[in-house]
Every structure is written in structure tokens, then in C-alpha cells.
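Student: Could we go through this structure together, one question at a time, with the reasoning behind each answer?

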Amino acid sequence: MNLYDYSTINKILTAHGFTFSKALGQNFIIDPSVCPEMVRNLNADEKTGVIEIGPGIGVLTKELCKTAGKVAAIELDKRLFPVLEETLGEFKNAEIIEGDVLRLDLNALIKEKFSGMTSIKVCANLPYYITSPVIMALLENRLAIDEIVVMVQKEAAERLCAEIGSRDSGAVTVAVNYYAQAEMLFEVPKECFYPAPKVDSAVMKLTLRKNPPIDIKDEKHFFAIVKAAFSQRRKTALNCLSGGLGISKSAVSAALKAAELDERARAESFSMEDFALLSEIL
């Protein structure tokens, strides 16, 4: 069954009365080189358990099942269940789990579905509208996973993989790099999807850190500082921190001077160590 072929896809979807949902960001991969390359970068074997988010019609799922010991694919759209039963029927190591990945207890899922596996990874073609929430949920919950390979909107991948202190960096850049090492793998043009989205995509890899790159006493406060600093990208860090944290400009100015940072600078020029020092001072 060739799930990269237009006529095959349409035949299957028509048989099950399926129509695409723009609200769920449903765009299925039709380029036969993309999914195998994603799986190759995941470094999975028979002792690997993989969580897939949003399997669609099972194109990526099939490739994962060829190498991983077990694939648990989380799907929100119930209409795709009979489609997936047909497309994944030959694979006994695939299990479709109904639910919203942002609401499921992923720690419990890992314990239940991947007993005996030595490595747990995440692989997905993420809908654009939930990219950051899903990635941050995977990282902040400190799940027993070691790698994440995901396809996201190209612009999002560039920000997530940007160097901290560069113009492309943002609050999410700092957050992601606190938990993992981010790497851009390859770009995926919009023509590789059916139906084709309006923008290009890119595949990125997150290798989770065993320990954060900096020592933070209060993570909640640290991330509040980061979020406030980037709250209005065109304004200086002084104004953003004052407004975002609800403290006086004089107090923020004093903190910036103590950290030897220019109060006229924007947050995008700060390093992770700068944010850590500001967090302690404030």
C-alpha cells in the first residue's frame, strides 16, 4: 500500500468518508524521502519505544514500525481510526491511542506501553498551531525520553534552533535549550504535503540533557524573567522586564547594571547565563 500516492490516499480516505480538517492542521506527507530520513535521525531499534503525535494516515508510523520495538501513536481525530486500522494492519507493534497529547498523562503512558524498552523517543509531524505547547510539555514534564525528532513550520524550527543571543532567538529558544540541545536537520518544502500548506516546514532534533547547562535555584522565577524580557521584542529589556514583572524601572536598571548588561539592549542579545544572573539579582 503506497501511502505516498495521491490516488491511493484519496481512495482510502473516500472509502472511510474522511475530509481534511483545517482546524486540526491536517496535511499528510507525500514525499517518500521525508519519513525514512526522520526515522534514520531518530536512531531507533527493537529496544526503542516511540511516541508519535498525530499519525494522520500512518505514513510516518509505518516507517517507525519498521525499526522501533513499539510505536504508540496518539491521535485526536476519531475519524482517522478506521483509516489507520487499514493502513497499519500489517504492523503488530503499532498501537493507536485516542486523546489530546496536551491532556494525556504521558508518564503513565510510557510506563504502561513501553515496559522493557531501553530507550523512549518522540517522533511527529506536528500541526503548526500546537508546536510550541507540545514541545514545551514534552520538555517541562521531564519525561523518560532521550530524543525528539519533529517536523514543524520552518520559521518555528529556525527560532527553536537559533543561537541564544542572536536576532532569531526568543523566550522559547532559551526554554528549549535549557532542557535539550536543538539541531536543525533538513527543510521540507510545502509541495511535500497533501493538501499543500501555505508555508515550508523543517525537521529538527532535540537531544534531551541529563542536566541543565546552568545552575538555577528557582526555575519558575528564571522562566518568568525570560518570558517578560521577550514580551515585546521591539522594546528594551529594561522596559519589558519592568512591565512584565510589575517592578520599577529603577530596580530593573540596577539589576542590569549589577549584571553588567546594557539597559538599552534587547533581550535577544542576552545569553542564558545573563538571564540566570538577572534571575538571581531580581
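**Cores, helix and pocket**

Tutor: Let us begin with the interior of this model, which is a predicted one. The largest nonpolar core has 63 residues, and Leu139, Phe222 and Phe275 are those with the most contacts inside it.

Student: Which helix gives the most residues to this core?

Tutor: In soluble globular proteins, nonpolar side chains tend to be buried together. Here the helix that gives the most to the core does so with six residues, and that helix, spanning residues 219–229, is H9.

Student: Which residues does Phe275 touch, leaving aside those up to four places away in sequence?

Tutor: Phe275 is one of the residues with the most contacts inside the largest core. Leaving out residues up to four places away in sequence, its contacts are Val174, Phe222, Ile225, Val226, Ala229, Phe230, Ala267 and Phe270.

Student: How many residues are in the second core?

Tutor: The second core is separate from the one just described, and Leu3, Ile9, Cys192 and Val203 are included in it. Its number of residues is 36.

Student: Helix H1 has buried residues; what arc do they cover around the axis?

Tutor: The buried residues of H1, which runs over residues 6–15, are Ile9, Ile12 and Leu13. An α-helix has 3.6 residues a turn, so residues three or four places apart point the same way. The buried residues therefore lie on the same side of H1, since the arc that they cover is only 95°.

Student: Which residues are exposed on the other side of H1, and what do its buried residues pack against?

Tutor: The exposed residues on the other side of H1 are Lys11, Thr14 and Ala15. The buried residues of H1, for their part, pack against strand S1 (28–29), helix H4 (81–87) and S8.

Student: Is Glu268 buried or exposed?

Tutor: Glu268 is placed in the loop between helix H11 (249–258) and helix H12 (272–281). Beyond residues up to four places away in sequence, Glu268 touches Gly165, Ser166, Arg167, Ser169, Phe230 and Arg233. A residue under 20% relative accessible area is called buried, and because the relative accessibility of Glu268 is 17%, Glu268 counts as buried.

Student: Asn43 has a positive phi although it is not a glycine; where does Asn43 lie, and what is its relative accessible area?

Tutor: The phi of Asn43 is about 55°, and Asn43 lies in the loop between helix H2 (34–42) and strand S2 (48–53). Asn43 is partly exposed, and its relative accessible area is 48%.

Student: What is the phi of Arg142?

Tutor: Arg142 lies in the loop between helix H6 (131–140) and strand S6 (147–153), where Arg142 is partly exposed with a relative accessible area of 46%. Although Arg142 is not a glycine, its phi is positive, at about 50°.

Student: A cis peptide bond joins Tyr194 to which residue?

Tutor: The omega of this cis bond is about -10°. The partner of Tyr194 is placed in the loop between strand S8 (193–194) and strand S9 (201–208), and its name is Pro195.

Student: How much space lies in the largest pocket?

Tutor: The largest pocket is lined by 39 residues, and Leu24, Gly25, Gln26, Asn27 and Pro127 lie nearest its centre. By class, its lining has 24 nonpolar, nine polar and six charged residues. The space in the largest pocket is about 810 Å³.

Methods:
Residues are numbered from 1 along each chain as its sequence is written. This is a predicted model: local features need pLDDT of at least 70, side-chain atom pairs count only at pLDDT 80 or more; totals for chains, interfaces and linings use all residues. Side-chain values use heavy atoms; hydrogens and water are left out. Helices (H or I, at least four residues) and strands (E, at least two) are DSSP runs, numbered from the N terminus. Buried means under 20% relative accessible area, exposed over 50%, partly exposed in between (1.4 Å probe, protein chains only). Contact means heavy atoms within 4.5 Å. A nonpolar core is a set of buried Ala, Val, Leu, Ile, Met, Phe, Trp, Tyr and Cys residues joined through side-chain atoms within 4.5 Å. The arc is that of the directions from the helix axis to the C-beta atoms. On a 1 Å grid over the protein atoms alone, a cavity is a set of points where a 1.4 Å probe fits but cannot get out, and a pocket is an open set with protein on both sides within 12 Å along at least five of seven lines; lining residues have an atom within 4 Å of a point. Grid points are joined across faces, edges and corners, and a volume is the space filled by probe spheres set on the points. Ala, Val, Leu, Ile, Met, Phe, Trp, Tyr, Cys and Pro count as nonpolar, Asp, Glu, Lys and Arg as charged, and the others, Gly among them, as polar.
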